[in-house]
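User: I'm new to this one, so could you walk me through a few parts of it?
Analyst: Gladly; let us put it on the screen and begin.

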Amino acid sequence: MAGSNQGPSSGVEDRSFRSKQNEEVNKKLKYISLAILVIQNASLILSIRYVRTLPGDRFFATSAVVMAELLKVATCLLIILFQKRGKLTEFGLFLYDSIVVQYRDTLKLAVPSLIYTLQNNLQYVAISNLPAATFQVTYQLKILTTALFSVLMLRKSLSRVQWVSLLLLFAGVAIVQVQQESSRQKESVAAVAADGDGGPEQSYGKGLVAVVVSCLSSGFAGVYFEKILKGSSASVWMRNVQLGIFGTALGLLGMWWNDGAAVAEKGFLFGYTSMVWGVILNQAFGGLLVAVVVKYADNILKGFATSFSIIISTVLSIYLFGFHVDLLFTAGAGLVIGAVYMYSLPKTSAVPTLSSTSSSSPMNQRRRDDTEMEAFLAKSSGKEKGS
């Protein structure tokens, strides 16, 4: 009799203990996720800037984009093979069914893949011509473009706080551009000497156009990808294999168009150093790693990570590239950091509606998380290309 009374109580205590353990684990995973997001966001920008401004032989950015795609596809294929427990026949049939038999589903990814390939190449152009901190701040315009495309294509609604944050974001980026233009006119000679003496010639206008077009393409591709993912049952890894097939083909086409003669003469791996390989591995595996941990980070944490990575990029740019920070840049960057955090805040609603209640169910939440992970994986150039 005593044993029967202790049974239910013991079960409740065990469940309570396990629940506390899970909460502690999730809390630790959130902090780990924050660290990984910050490191990936900041390290990718800074490392690309570093290798693209070094004097000497310059590697082909188009070949780096292709190599990153190949490595990402190979990694996803290995993960799928592992999921199939190493059964090659089952693995081959699965790929044939997902890619060939369901060809219409595969072809849907041609558009976002084209845009992501363009975006990856443009990021190299932008970072090669803009200071790392300036790029990091300006690239947050992708939040504005994504929001606008979400309203136009997905009929999403934004809160007043989000609209205000978008205005602050635009204002902050505009202030940074004014500061950069003024700084270039006053200290052009000193800036070139400080940011890699003897390095390749840089064009601020070219870099600015590249980052703006990259933001536009990122916003459209992300929303388009989210739209076609609705109702899809394909796994994250399979989606990235499909994207990678188009991305590799389109990347090779872009390489032939832009650097074909030079690559034929000097070789695909011309200019590759250990640092360049580090950048490519960060692009290929950094994005996949971040996509795995991003499920443990809510929107506020991701917004904080982005803001913190801007600060780190700015501070390290001062020491690595001799970047000059004045009051105007600080004000503009501060507005952008605040806007990013404000935009990530959850919407508040006084009276919950039926749609809002149903959308918060575990099943719908899981679907939203999966869709967000897939979109993040696809956009990672190594991202978010620093997330």
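**A first walk through the model**

Analyst: Please keep in mind that this is a predicted model. A place to begin is phenylalanine 308, which counts as partly exposed because its relative accessibility is 39%, between the 20% limit for buried and the 50% limit for exposed.

User: And where is phenylalanine 308 placed?
Analyst: Phenylalanine 308 is in helix H12, which covers residues 299–321. Its C-alpha atom is separated by 8.9 Å from that of alanine 42, although the two residues are 266 residues apart along the chain.

User: Switching topic, at what angle do the axes of H5 and H10 cross?
Analyst: The axes of helix H5 (residues 110–129) and helix H10 (residues 236–266) cross at roughly 50 degrees and come within 9 Å. The two helices are therefore oblique to each other, and their crossing is right-handed.

User: Which residues make the contact?
Analyst: From H5 the contact is made by Ala110, Pro112, Ser113, Leu114 and Thr117, while H10 brings in Leu243, Phe246, Gly247, Leu250 and Gly251. Sorted by class, the contact of H5 with H10 has six nonpolar residues, four polar ones and no charged residues.

User: What about cysteines, how many disulfides does the structure hold?
Analyst: The structure holds zero disulfides.

User: Is cysteine 76 buried or exposed, and what about cysteine 215?
Analyst: Cysteine 76 has a relative accessible area of 0%, so it is buried, and cysteine 215, with a relative accessible area of 1%, is buried too.

Definitions and conventions: Residues numbered from 1 in each chain as written. Predicted model: local features only at pLDDT ≥ 70, side-chain atom pairs only at ≥ 80, totals over all residues. Heavy atoms only, no water. Axes fitted to C-alpha atoms, helices over the stretch in contact; angles between N-to-C directions. Helix = DSSP H or I, 4+ residues; strand = E, 2+ residues; numbered from the N terminus. Parallel < 35°, antiparallel > 145°, perpendicular 65-115°, else oblique. Left-handed = near helix turned anticlockwise from the far one by under 90°. Contact = heavy atoms within 4.5 Å. Nonpolar A, V, L, I, M, F, W, Y, C, P; charged D, E, K, R; others polar. Buried < 20%, exposed > 50% of the residue type's maximum accessible area, 1.4 Å probe, protein only. Disulfide = S-S within 2.5 Å.
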